[in-house]
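Q: Could you take me through one part of this protein up close? I'd like to look at the loops, and then see what else is worth pointing out around them.

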Amino acid sequence: MAARRPSLLDFMRGNAPLQAVSRCRFMLSGTAIEYTLKRSQRRRSITLTIDENGLRVGAPWRATQSRIDNLLASHARWIARKLTDWQARRPPPFTWQAGATVMALGEPLTLEVDAASKITTRCGKCLTVGTGTDDPDILARHVVAWLRDTAQGWFEQRAGHFARVLDVRAPTIRLSNARTRWGTCHPDGRVLLNWRLIQAPPALIDYVVVHELAHLREPNHSPRFWHWVASVLPDYKERRLALRRDAIRYLLA
Ligand SMILES: [Zn+2]
């Protein structure tokens with residue numbers, strides 16, 4: 001086992017409890033599996049998490065490596081299955097070219113290049129990009145511009161609708177380019193939504209819109225906040241789960 005003890009450099013000191021992050025490995029059916037080990041003074045038990053970022057182990061500060069190794073060994077089958085699941089969900093590497101598929105509102109669209117046109121338009125299951133070149137960077141720029149444009153219109157329309165339902169003022173919608181967040185709600189009423197979200201199905205977009213608008217009612221994640229969300233979307237938990245599970249499909253570009 002190649003786990004290394006946390007070094008002083010790993011420590012994040014201050015008022016926060018001590019924690020340390022390191023990369024480790026263990027052998028699973030003859031294959032070396034890398035994982036992130038996060039030790040924390042606050043943690044009382046060892047936890048295993050698997051998502052698109054791989055395996056993460058949370059451990060109490062003083063947990064011995066053999067205790068961690070034993071837990072990994074006793075969950076070997078579960079870990080192998082989960083890692084395979086995530087692997088299968090990962091889309092193949094994307095190449096910007098005619099014939100490639102992009103998602104919009106949960107539907108796959110095939111890219112077509114049309115030198116005779118100057119605009120990008122959707123026709124049924126195709127997205128026709130008005131460019132005379134198949135240069136991947138130019139193609140990407142056109143498609144992202146179309147997605148952002150579509151996102152702005154869609155988000156504003158949905159936010160207007162749900163603002164009426166929640167009886168809050170319709171917020172100003174700005175597009176964000178964040179890598180790790182779908183939305184942010186500022187106390188002054190501005191709502192930022194990630195343009196990539198337009199790739200997800202409308203039901204999942206609605207969850208993010210309602211979540212951010214509900215913050216105009218409750219600026220926290222208290223039970224009262226979730227009560228507001230549930231009052232609009234009784235099945236919000238399923239939507240949130242689906243968004244978490246499928247996020248990797250909607251992180252184009
Ligand atoms: Zn929130």
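What follows is a walk through three loops, then the pocket, the metal site and the domains.

A: Keep in mind that this is a predicted model. Let's start with Thr131, which sits in the loop between β8 (126-129) and α3 (136-166). Is Thr131 buried or exposed? Its relative accessibility is 6%, so Thr131 counts as buried, the cut-off for that being under 20%. Who are the neighbours? Leaving out residues up to four places away in sequence, Thr131 touches Val113, Asp114, Ala115, Ser117, Ile138, Leu139 and His142. There's also a polar contact close by in the chain: the Thr131 side chain reaches the backbone nitrogen of Thr133 at 3.2 Å.

Now for two loops with a backbone quirk. Leu105 lies in the loop between β5 (101-104) and β6 (107-113). Its phi is near 50°, a positive value in a residue other than glycine. Leu105 counts as buried because its relative accessibility is 15%. Ser29 is in the loop between β1 (19-28) and β2 (31-40), and Ser29 also isn't a glycine, yet has a positive phi of about 45°. Here the surroundings are another story: with 77% relative accessibility, Ser29 counts as exposed, since anything over 50% falls in that class.

On to the empty space. The largest pocket holds about 800 Å³. It is lined by 30 residues, and those closest to its centre are Thr180, Arg181, Trp182, Leu243 and Arg244. Which elements give two or more residues to that lining? They are β3 (47-51), α2 (76-89), β10 (183-185), α4 (202-214) and α6 (236-246). The largest share comes from α6, with five residues.

Then there's the metal. The zinc ion is coordinated through the NE2 atoms of His211, His215 and His221, at 2.0 Å. If you like reading motifs off the sequence, the spacing of these donor residues is H-x3-H-x5-H. Both His211 and His215 are buried.

Finally, step back to the whole chain. It is divided into domain 1, covering 8-89, and domain 2, covering 138-250. How far apart do the C-alpha centres of the two domains lie? The answer is 32 Å.

Conventions. Residues are numbered from 1 along each chain as its sequence is written. This is a predicted model: local features need pLDDT of at least 70, side-chain atom pairs count only at pLDDT 80 or more; totals for chains, interfaces and linings use all residues. Side-chain values use heavy atoms; hydrogens and water are left out. Donors are N, O and S atoms within 2.8 Å of the metal (3.2 Å for Na, K and Ca); water is not among the atoms, so sites may look incomplete. Buried means under 20% relative accessible area, exposed over 50%, partly exposed in between (1.4 Å probe, protein chains only). Domain bounds come from an automatic or database domain assignment. Helices (H or I, at least four residues) and strands (E, at least two) are DSSP runs, numbered from the N terminus. A polar contact is a pair of N or O atoms within 3.5 Å; within protein, one must be able to donate a hydrogen and the other to accept it, and residues adjacent in sequence count only if both atoms are side-chain atoms. Contact means heavy atoms within 4.5 Å. On a 1 Å grid over the protein atoms alone, a cavity is a set of points where a 1.4 Å probe fits but cannot get out, and a pocket is an open set with protein on both sides within 12 Å along at least five of seven lines; lining residues have an atom within 4 Å of a point. Grid points are joined across faces, edges and corners, and a volume is the space filled by probe spheres set on the points.
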